[in-house]
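I set out to record, entry by entry, what I looked up in this structure. The notes follow the order in which I worked.

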Amino acid sequence: YLLDVARETSSMLYKQKVPFREYMTYDFILSQGKSYGLDLQKPGYFFSNGPDEWGSFVSVTDSSKINAGLLRLSQFVDVSDTMVFDQKIQKVKALGVYLYYDKDFLFVYHGNQIKKRLGKALFAKNGEIESNWRRFENIQTFHDEKLVVFAKSEELESYGIDYGLFAHDMDSLQFKLKSYVRTKVDLKIKLKEPGMAFAPTDNLDKMLNLHLDISEFKKDKNHPLYKWIASVGKRISFPTDAFFDAWNGDLSYREGGVQFVNEEIVEMGFDEDFNQVEIRKTKQVPVSGFGVLMSVNENSKAFVNSLFAKGIINKQGNKYRFLFSPPLKLNILEDYVSAYTSDVPPKTEKGSSCSGILNYNGTRVEFKIDSLLRREAWGSLHFPVDRLLRKQKLLR
């Protein structure tokens with residue numbers, strides 16, 4: 001519902017002083033729609049099969065006014081006529097866009113299957129609807145939202161995902177993306193009671209906290225999610241089976257800030273007899289602060305040993321490196337294993353939130369898993385809108 005979305009975003013556009021904000025208001029968009037014969041008070045529909053193909057259907061109130069809009073468009077770009085099913089279609093070659101309209105709808109299309117897509121609209125029987133569209137229309141989740149995205153693809157299905165739904169909330173400062181995922185198989189993962197996690201700090205670039213009941217999940221090595229994790233780990237010979245055998249579902253990861261670690265430097269010098277010798281020095285080197293903590297069971301030693309055996313962890317003096325990480329202190333306890341760059345263990349606390357932080361090109365993005373059921377997952381993601389607008393060069 002374009003007009004409702006315009007009303008929702010109005011305060012943000014004015015708060016952030018977006019230069020063209022007066023052209024995005026409810027009243028302006030409604031007046032423009034009426035001027036060109038479009039009924040923007042009815043829902044509009046958009047579809048996409050990736051960036052190479054997309055299209056949109058908009059309801060029409062007066063098709064005679066659309067031609068005036070096309071004539072105005074032709075003053076700026078070349079608009080030519082073509083024929084499909086003996087119907088005249090306008091083509092904007094510079095944009096790779098086709099436009100077709102009749103007394104009921106305007107169809108805007110970009111892609112190379114105009115005949116197939118338009119044919120489904122022209123020759124549809126009364127009440128006929130594609131299966132995916134029918135399913136989308138019948139889903140009650142986010143049913144009252146004004147902008148809803150339904151995502152379904154073969155790639156998602158390869159991960160065991162049936163479909164995803166997305167909606168948004170926005171105020172003058174924050175954008176929130178609400179998400180719902182329906183899986184084709186049981187998740188076999190639940191939220192669990194509070195577990196140990198690193199205490200939050202202000203200088204984090206990356207953070208992840210998980211508190212999950214994976215007792216059923218790790219028994220099913222044919223689960224699509226398990227197989228995907230194993231395929232990712234295979235790139236570095238990560239012992240996925242040993243990890244899940246040892247992991248008890250709590251994981252806390254943090255990265256950010258600057259810490260100094262002692263690093264040994266080897267230089268070539270000469271002794272008093274002018275013989276070439278190695279001279280070892282130690283200097284402090286700034287590194288990004290790093291820490292990881294996970295709850296474990298009696299299989300933890302076997303897991304850690306497999307990391308050493310595969311060269312994923314290597315000892316350096318009295319510290320350790322995880323692949324290309326800075327030197328870390330490794331702390332192995334009965335219930336927890338942790339590694340960190342600081343001289344003393346980071347502060348910990350009990351927590352149950354499954355959430356994270358990612359600094360994406362200077363924008364702090366926060367995400368959270370809100371609920372997990374048998375084949376359903378709800379989550380959310382939010383970030384400040386000013387950074388998004390600046391990235392799109394919409395603000396000075």
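Entry 1, a helix and its two faces. I counted a residue as buried if its relative accessible area was under 20%, and as exposed if that area was over 50%. The model is predicted, and I read every entry with that in mind. I first looked up helix H3, residues 63–73, and found that its buried residues are Ile 66, Gly 69 and Leu 70. They cover an arc of only 100° around the axis, which puts them on the same side of H3. I noted the general rule that an α-helix has 3.6 residues a turn, so residues three or four places apart point the same way. On the face turned away from the buried side of H3, I found the exposed residues Ser 64 and Leu 71. I then asked what covers the buried residues of H3. The cover includes strand S4 (87–92) and strand S5 (97–101).

Entry 2, the sheet. I traced S4 and S5 into an open sheet of six strands, in the order S1-S2-S6-S5-S4-S3, with antiparallel pairing. Which strands stand at its edges? They are strand S1 (45–48) and strand S3 (79–84); each has a single partner strand, so one side of each is left without a neighbour in the sheet. Neighbouring strands of this sheet are turned by 20° against each other on average, direction ignored. I checked the pair S3 and S4, which run antiparallel and are joined by six bridges. In this pair, Met 83 of S3 stands opposite Lys 88 in S4. Helix H4, residues 114–122, lies across S1, S2, S3, S4, S5 and S6, and I noted that it runs at about 160° to S6.

Entry 3, the cores. The largest nonpolar core has 24 residues, and those with the most contacts inside it are Leu 212, Phe 244, Trp 247, Met 294 and Phe 303. Strands S12, S13 and S14 and helices H8 and H9 each supply at least two residues of this core. Apart from it lies another core, of 15 residues, among them Ile 29, Leu 40, Leu 106 and Val 108. I also looked up Leu 212: beyond its neighbours within four places in sequence, its contacts include Ile 189, Leu 191, Cys 354 and Leu 372.

Entry 4, a hairpin. Strand S17 (residues 329–332) and strand S18 (residues 336–340) run antiparallel and are joined by four bridges. A hairpin of three residues links S17 to S18. Asn 331 stands opposite Ser 338 in S18.

How values were computed: Residues are numbered from 1 along each chain as its sequence is written. This is a predicted model: local features need pLDDT of at least 70, side-chain atom pairs count only at pLDDT 80 or more; totals for chains, interfaces and linings use all residues. Side-chain values use heavy atoms; hydrogens and water are left out. Two strands pair if DSSP finds at least two bridges between them. Buried means under 20% relative accessible area, exposed over 50%, partly exposed in between (1.4 Å probe, protein chains only). The arc is that of the directions from the helix axis to the C-beta atoms. Contact means heavy atoms within 4.5 Å. A nonpolar core is a set of buried Ala, Val, Leu, Ile, Met, Phe, Trp, Tyr and Cys residues joined through side-chain atoms within 4.5 Å. Axes are lines fitted to C-alpha atoms, for helices over the stretch in contact, and angles run from 0 to 180 degrees between N-to-C directions.
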